[in-house]
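Colleague: I'd like to go through this model with you and ask how each label was earned. Could you take me through it?

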Amino acid sequence: QVQLVESGGGLVQPGGTLTLSCAASGFPFSGYAMNWYRQAPGRERELVAGISGTGITHYADSVKGRFTVSRDNAKNTVSLQMNSLKPEDTAVYYCNAVRFVGDSVPVFGSWGQGTQVTVSS
């Protein structure tokens with residue numbers, strides 16, 4: 001019954017911006033840290049950013065300074081604002097829950113469909 005629904009992806013030119021959203025349900029949202037991951041074809045899934053239940057954030061070095069993760073516990077949503085997008089950011093983006101901020105392995109076996117982000121001119 002855990003549901004994670006990602007949205008907001010699309011095609012954007014290098015240097016552009018996108019904001020992704022993850023709508024979560026079926027678990028006590030505020031009790032979990034939330035991560036954003038991405039996976040490009042032929043590559044391992046990569047932890048992009050995370051946020052604790054109280055708003056402590058962390059970022060992969062590759063996105064630090066460009067991406068901002070936030071959450072709205074009242075709406076059970078997590079967002080990822082992506083600025084200055086690069087072609088290397090092209091991937092399917094997913095969200096999932098972790099026990100503590102900084103963890104990389106999600107606590108739920110189910111994943112959403114993800115949302116495709118394509119950065120290309």
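Modeller: Sure. Let's start with one pair: Tyr 37 has Leu 47 of strand 5 as its bridge partner. Before we go on, this is a predicted model, so local features need pLDDT of at least 70 and side-chain atom pairs count only at pLDDT 80 or more, while totals for chains, interfaces and linings use all residues. Residues are numbered from 1 along each chain as its sequence is written, and side-chain values use heavy atoms, with hydrogens and water left out.

Colleague: What makes strand 4 and strand 5 a pair?

Modeller: Two strands pair if DSSP finds at least two bridges between them. Strand 4 (residues 33-39) and strand 5 (residues 46-51) have five, in the antiparallel sense, so they meet the rule. Six residues lie between these strands in their hairpin, where Gly 42 takes a positive phi near 75°.

Colleague: And how do you know that strand 5 and strand 6 pair?

Modeller: By the bridge count again: strand 5 and strand 6 (residues 57-59) share three bridges, also antiparallel. One of the partnerships joins Ala 49 to Tyr 59 in strand 6. This hairpin has five residues between its strands, and Gly 55 in the turn has a positive phi of about 105°.

Colleague: Why is the pairing of the six-strand sheet called mixed?

Modeller: Strands can pair either parallel or antiparallel. The open sheet runs in the order 2-10-9-4-5-6. Strand 2 and strand 10 pair in the parallel sense over three bridges, with Thr 118 of strand 10 as the partner of Leu 11, whereas strand 4 and strand 5 are antiparallel.

Colleague: Which strands are at its edges?

Modeller: Strand 2 (10-12) and strand 6, each pairing on one side only.

Colleague: What makes strand 1 and strand 7 edge strands in the four-strand sheet?

Modeller: That open sheet has the order 1-3-8-7, with antiparallel pairing. Strand 1 (3-7) and strand 7 each have a single partner strand, so one side of each lacks a neighbour in the sheet. Further in, strand 3 and strand 8 pair over six bridges, and Ala 23 has Thr 77 of strand 8 as its bridge partner.

Colleague: How many helices and strands does the chain have?

Modeller: Zero helices and ten strands. Helices are DSSP runs of H or I with at least four residues, strands are runs of E with at least two, and both are numbered from the N terminus.

Colleague: Why is the chain called as compact as a globular protein of that length?

Modeller: The globule rule is 2.2 Å times the number of residues to the power 0.38, and the radius of gyration is taken over C-alpha atoms. For 121 residues the rule gives 14 Å and the chain has 13 Å, which is close, so the chain is as compact as a globular protein of that length.

Colleague: What makes a set of residues a nonpolar core?

Modeller: The members are Ala, Val, Leu, Ile, Met, Phe, Trp, Tyr and Cys residues that are buried and joined through side-chain atoms within 4.5 Å. Buried means under 20% relative accessible area with a 1.4 Å probe, protein chains only. The largest such core has 30 residues, and those touching the most other members are Phe 27, Met 34, Trp 36, Leu 80, Met 82 and Tyr 93.

Colleague: Which residues does Met 82 touch?

Modeller: Not counting residues up to four places away in sequence, its contacts include Leu 18, Leu 20, Phe 67, Tyr 93 and Val 117. Contact means heavy atoms within 4.5 Å.

Definitions and conventions:
Buried < 20%, exposed > 50% of the residue type's maximum accessible area, 1.4 Å probe, protein only.
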